Amino acid sequence: MSNADFFVEPVRETPIINDVDVLVCGGGFAGVAAAVAAARNGASVMLVERYGFLGGLATGALVITTPPLNNGINREIAKRLTEWSSYAPDPARENATADDLIDGADGLLPYDPETTKFEFVRMLMEERVEILFHSYIADTLCTNGHIDGVVIENKAGRSGIRAKFIIDATGDADIAAQSGAPVRTVERPITMMFNMADVDSERALEHLGKWTGLKKFMREAIAKGEIDFDLGVDADFGAPGIFAADLIHKGQLNIWSGMLYSNQSLDPAQRTRAEIVTRDHSFRMANFLKENLPGFENARLEQMSTEVGIRATRNLDGPDVPSKQEISRGEFKDTIARPYLGKSLAVPYRSLLPKNIDNLLVAGRCISAHDDIMGRLRLIPVCSATGEAAGVAATMAVQQDITAQAVDIGQLQAQLTEQGVEL
Ligand SMILES: Cc1cc2nc3c(=O)[nH]c(=O)nc-3n(C[C@H](O)[C@H](O)[C@H](O)COP(=O)(O)OP(=O)(O)OC[C@H]3O[C@@H](n4cnc5c(N)ncnc54)[C@H](O)[C@@H]3O)c2cc1C
């Protein structure tokens, strides 16, 4: 047996299990929007997701609040969720229609993650998108700047999927990195979100005044040493504290448990540590609230997120990285997404485009833009809006047999407008 610190794997033939026009990698808001848009424009589409549900961080990480979903495919998502009373219910406006809620809302609005997972599967099935869950994209096969397909791993072993065009909606720019497109690594604080149920909200509010009072309550307890809590306290993010309360479900709170900094989130060992540390703190915090805060006596820790919430790991470094000012002004000739109706912020096509791969687009929280604007671009409506644009552009490239770089921007914008996106 060799003592070398690596294995040499035998050469093997990997069976190809599918051959599609557009392969969408990752099933978060960006991936779902991309797959639906591509299928509606006539492409055969497969979506591969490592977990057994859709929605990504927005469902699995219990994010559950979003700026208004009111443009393009976001509007459809909001309507579908509203039909299940699962988007921005406002008891003061009981008779409000879906359109009233969608148009009248501002700030962060709650949605229900389980309904979102369910509706996303319905949307994909309605468009005949092939969904493959529990499959991890382990490698991308790329020759001379062209991706031939990806290699997935699952319980059946390794297999290949061939595609004419790939959309990287992994959130981590996995496909871009694997295919050799320039990417940069980024670090953001990471947070475990958890839900508590059966909280007596009236009683808790008598004590706290407002829900934001929980921040102060926790900070004082940490400062006095009443709770052993090593995670970061962040005034801007309001952590630890309540993120949403009583909005979708009475007596249910969505809580941030504090910030973990300097975490190298692409390093599996650091990621493992982050899961352990943040789950431990969430558990401690939930118990502390039960024992010390009136109204929490009968509350229970209902659910922690499927995985710790990692905001960012890698971003694409596209051909011309737009600045914060440019994105905020939103006057690009190649604007393909304007996620906040009535606001100037826009995303250009170049933010989705890799420098050196001719059949790949990136959508969602790992697109190309300067770091100082990524905080806004990672929000949910932007992820789905860039997904929708990527889906349309990919289909155009396939149908016209052209590269991602050759897509006609005017035609792309016209098609997006045609399907209800205000640019
Ligand atoms: C703690 C926290 C709080 C936040 N709060 C808010 C908020 O209040 N409002 C808001 O709008 N946004 C918020 N965000 C940001 C927002 O939730 C995300 O940026 C957004 O949901 C990302 O969507 P996405 O589709 O780009 O990526 P993701 O949701 O990350 O989806 C990527 C998908 O790809 C899959 N995947 C990844 N790699 C592979 C692979 N190799 N093979 C197969 N599948 C793969 C993943 O499982 C996942 O389903 C928050 C984020 C965090 C972490």
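**Close-up views of a predicted model**

**View 1. Strand β10 and strand β12 (residues 253-260) run antiparallel and are joined by six bridges.** The model shown here and in the views that follow is predicted. Look along this pairing for N195, whose bridge partner in β12 is N254. Strand β10 also pairs with strand β13 (residues 300-304), again antiparallel, through four bridges. There, A197 of β10 stands opposite R300 of β13.

**View 2. Strand β10 is covered on both of its faces.** Side chains in a regular strand alternate between the two faces of the sheet. On one side of β10 you will find I190, M192, F194 and M196, and on the other T191, M193, N195 and A197, all of them buried. Since eight of the eight residues of β10 (residues 190-197) are buried, this strand is largely enclosed by the rest of the structure.

**View 3. Helix α5 spans residues 113-126.** Its 14 residues reach 20 Å from the first C-alpha to the last, close to the 20 Å expected at 1.5 Å a residue. To see how α5 sits against its surroundings, start with the buried residues: P113, T115, T116, K117, E119, F120, M123 and L124. The elements that cover them include two helices, α1 (29-40) and α3 (73-83), along with strands β2 (45-48) and β5 (130-132). Helix α2 (57-60) is also among the covering elements. After α5 comes R128, and the phi of R128 is positive, near 60 degrees.

**View 4. The ligand is surrounded by 35 residues.** The closest are E49, R50, L57, T65 and R378. Three polar contacts to ligand oxygen atoms are worth picking out in this view. From the side chain of R50, an N or O atom is 2.7 Å from an oxygen atom of the ligand. For R365, a backbone N or O atom lies 2.9 Å from a ligand oxygen atom. I380 likewise uses a backbone N or O atom, which lies 2.8 Å from an oxygen atom of the ligand.

**View 5. T82 is a residue of helix α3.** Its side chain reaches the backbone oxygen of A78 at 2.5 Å. With a relative accessible area of 14%, T82 falls under the 20% cut-off and therefore counts as buried.

**View 6. S85 and H134 each have a positive phi without being glycine.** For S85, phi is about 50 degrees, and this residue lies in the loop between α3 and α4 (98-104). S85 has a relative accessibility of 52%, over the 50% cut-off, so it counts as exposed. For H134, phi is near 55 degrees, and the residue is found in the loop between β5 and β6 (136-143). H134 is exposed as well, because its relative accessible area of 55% is also over 50%.

**View 7. Residues 91-96 have pLDDT under 50.** For the chain, the mean pLDDT is 91, and 94% of the residues reach 70 or more. Over residues 91-96, the model has three contacts beyond four places in sequence. Please enjoy this last view with some caution: where pLDDT is low, the predicted coordinates should not be read in detail.

How values were computed:
Residues are numbered from 1 along each chain as its sequence is written. This is a predicted model: local features need pLDDT of at least 70, side-chain atom pairs count only at pLDDT 80 or more; totals for chains, interfaces and linings use all residues. Side-chain values use heavy atoms; hydrogens and water are left out. pLDDT is the predictor's confidence in each residue, from 0 to 100. Contact means heavy atoms within 4.5 Å. Buried means under 20% relative accessible area, exposed over 50%, partly exposed in between (1.4 Å probe, protein chains only). Two strands pair if DSSP finds at least two bridges between them. The expected span of a helix is 1.5 Å times one less than its number of residues. A residue is near a molecule or strand if one of its heavy atoms lies within 4 Å of it. A polar contact is a pair of N or O atoms within 3.5 Å; within protein, one must be able to donate a hydrogen and the other to accept it, and residues adjacent in sequence count only if both atoms are side-chain atoms.
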